[in-house]
Amino acid sequence: MEERDSLAALHRQMRACLRCLEEGHLITPGAVFSGVATAEVMVVGQAPGITEVEAGRPFNGSSGRRLFEWLAETGWQEIEFRATQYMTAITKCYPGRGRGGKGDRVPKRSEQKLCAPFLDQELALVRPKIILPVGGLAIRRFLGAVPLVEVVGKALPGEDGQWIVPLPHPSGANLWLNQPANRERVAQALAHLSRLWQCLGISPS
Ligand code: SF4
């Protein structure tokens, strides 16, 4: 009960946060995240896109479709996963388009730093058993600056006893996934997840 109340208070703070704007970063305020205090799995992405802002939920667009296709291979249906698990990001507000209009802007280190205490608090309150960092920025938060090929396909122990199962960014624009060897790494990551659900009693039902 206490954790649920604390998490609700944190969510109110995140929704009202204007730190990046106050520091001069051109974000669209309105933090995007979803999830409950009883979640056992936490997905951590880079930052929401515009479709996520419009829908008010993480991984709403084409990236979400692919991510949920991956999770479906391990037994989870999207509706059930969204209702019972937790989804958030390194920075929680839309960073806008990148230079030249190609894709979304990668949040600067200074923005990541401003938002980091929120992710720290989410982790402390939810205490997930499994963390899925999705994409390079999120992977760096948990595993340091490591090449994707060295960590995707593995289940690694986290600092606080959780399992970290890194995934590449599921965007259709991610050329990394065009390589058959990399798609095999994703398949290995999903096989680890299926085993972890069983071992840890996390039931996609
Ligand atoms: S990205 Fe994070 S720190 Fe920046 S305004 Fe949004 S919630 Fe606040």
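Start with the ligand. Around the ligand stand Cys17, Arg19, Cys20, Ile27, Lys92, Cys93, Leu114, Cys115 and Phe118. Keep in mind that this is a predicted model. The space that the ligand takes up is the largest cavity.

Which helices supply at least two residues each to the shell around the ligand? They are helix 2 (19–22) and helix 6 (109–126). Helix 6 gives the largest share of the shell, with three residues. Now sort the shell by class. Seven of its residues are nonpolar and two are charged. No polar residue takes part in the shell.

Next, turn to the sheet. Strands of a sheet pair through backbone hydrogen bonds, and the pairing is either parallel or antiparallel. Here, five strands form an open sheet with mixed pairing. Their order is 2-1-3-5-4. Strand 2 (86–89) and strand 4 (156–157) stand at the edges. Each of these two has a single partner strand, so one side of each is left without a neighbour in the sheet.

Look further into the sheet. Strand 1 (residues 41–45) pairs with strand 3 (residues 130–133). The sense is parallel, and the pairing runs over four bridges. Which residue of strand 3 is the bridge partner of Val44? It is Pro133.

A helix also meets this sheet. Helix 9 (residues 180–200) lies across strand 1, strand 3 and strand 5 (163–164). Against strand 3, helix 9 runs at about 160°.

Last, find Arg97. Arg97 sits in the loop between strand 2 and helix 6. Set aside its neighbours within four places in sequence. Arg97 is then in contact with Lys102, Gly103, Asp104 and Arg105. Phe68 is 29 residues away from Arg97 along the chain. In space, 24 Å separates the C-alpha atoms of Arg97 and Phe68.

How values were computed
Residues are numbered from 1 along each chain as its sequence is written. This is a predicted model: local features need pLDDT of at least 70, side-chain atom pairs count only at pLDDT 80 or more; totals for chains, interfaces and linings use all residues. Side-chain values use heavy atoms; hydrogens and water are left out. Two strands pair if DSSP finds at least two bridges between them. Contact means heavy atoms within 4.5 Å. Axes are lines fitted to C-alpha atoms, for helices over the stretch in contact, and angles run from 0 to 180 degrees between N-to-C directions. A residue is near a molecule or strand if one of its heavy atoms lies within 4 Å of it. On a 1 Å grid over the protein atoms alone, a cavity is a set of points where a 1.4 Å probe fits but cannot get out, and a pocket is an open set with protein on both sides within 12 Å along at least five of seven lines; lining residues have an atom within 4 Å of a point. A molecule sits in a cavity or pocket if more than half of its atoms lie within 2 Å of its grid points. Ala, Val, Leu, Ile, Met, Phe, Trp, Tyr, Cys and Pro count as nonpolar, Asp, Glu, Lys and Arg as charged, and the others, Gly among them, as polar.
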